[in-house]
Amino acid sequence: MEANTSSYKIILGSSSTARRKILAEMGYQFTTMTADIDEKSIRKETPEELVMALAEAKAEAILKRLPVDDHRKDAEPTLLITSDQVVVYEGVIREKPSNKEEARKFLKDYSGKHAATVGSVLVTNLKTRFRKGGWDRVEIYFNEIPDQIIEKLIDEGVTLNVAGGLIIEHPLILPLVKQVVGTTDSVMGLPKALTENLLKQAV
């Protein structure tokens, strides 16, 4: 998919490989920056409020490191994309597992059950300071996940880097996903339709 980005520059405020891949698939060229924030220090009642608050905190952290005046003088605007994601299982918010034991418990819980991802996207126009965000929720239903699959995933260490230890695009997990109500790109951390809509509004 080709997108015309000649009228603005994009900074993706994330170190996520999946988010970089999705944004590139959308046809955009961009640079990346990471926000070094203490995510655990930000707490909210609902998953939607939490992911929006974290996306805003990431944007603020990155803005502090950018030469704001330069962006305001630029002929073309620069749009900063920040995002966050959590998993919700039986009404409880799950972030990245803190260790292998927690990752193992998370995966065992999903076996034969279902979980949801709630992800936010926030776009900030560095020239005008316009900011707009939104969130997306996806329900994921699993078949039984064999213990040997869980152990392989734990050994690889990939589950420690994603919300709720949930990585449905992994070749070991993908065949065990019964149904996804929503889009896979949203589960992977960057819902394309929401991101596209917010970018258009922010220019």
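Here is a chat about salt bridges, exposure and two unusual phi angles in this model.

Modeller: Quick ground rules: this is a predicted model, where local features need pLDDT of at least 70, side-chain atom pairs count only at pLDDT 80 or more, and totals for chains, interfaces and linings use all residues. Residues are numbered from 1 along each chain as its sequence is written, and side-chain values use heavy atoms, with hydrogens and water left out.

Biologist: What makes the contact between Asp84 and Lys58 a salt bridge?

Modeller: The cut-off is a side-chain nitrogen of Lys or Arg within 4 Å of a carboxyl oxygen of Asp or Glu. Asp84 and Lys58 have N to O at 2.9 Å, so the pair passes. Asp84 sits in strand S3 and Lys58 in helix H2 (residues 47-63), so the pair ties together parts 26 residues apart in sequence. Helices (H or I, at least four residues) and strands (E, at least two) are DSSP runs, numbered from the N terminus.

Biologist: Are Asp84 and Lys58 buried or exposed?

Modeller: Both are buried. Buried means under 20% relative accessible area, exposed over 50%, and partly exposed in between (1.4 Å probe, protein chains only).

Biologist: Why is Arg104 called partly exposed?

Modeller: Arg104 has 24% relative accessibility, which falls between the two cut-offs, so partly exposed is the label. Glu151, at 29%, counts as partly exposed too. The side chains of Arg104 and Glu151 meet in a salt bridge of 2.8 Å, N to O. That pair links distant parts of the chain, with Arg104 in helix H4 (residues 100-110) and Glu151 in helix H5 (residues 147-156), 47 residues apart.

Biologist: How do you know that Asp147 forms a salt bridge with Lys108?

Modeller: Their closest N and O atoms are 3.1 Å apart, which is within 4 Å, so the pair qualifies. Asp147 lies in helix H5 and Lys108 in helix H4, so this pair ties together parts 39 residues apart in sequence. Asp147 is partly exposed at 45%, and so is Lys108 at 39%. Elsewhere, salt bridges that share partners join Glu48, Arg137 and Glu139 into one network.

Biologist: How many salt bridges does the rule give?

Modeller: The count comes to ten.

Biologist: And why does Glu90 count as exposed?

Modeller: Glu90 has 63% relative accessibility, which is over 50%, so exposed is the label. Glu90 is in the loop between strand S3 (78-89) and strand S4 (92-94), and has a positive phi of about 50° although it is not a glycine.

Biologist: What is the phi of Arg129?

Modeller: Arg129 has a positive phi of about 75°, and it is not a glycine either. Arg129 lies in the loop between strand S5 (114-125) and strand S6 (131-142). With a relative accessible area of 33%, Arg129 is partly exposed.
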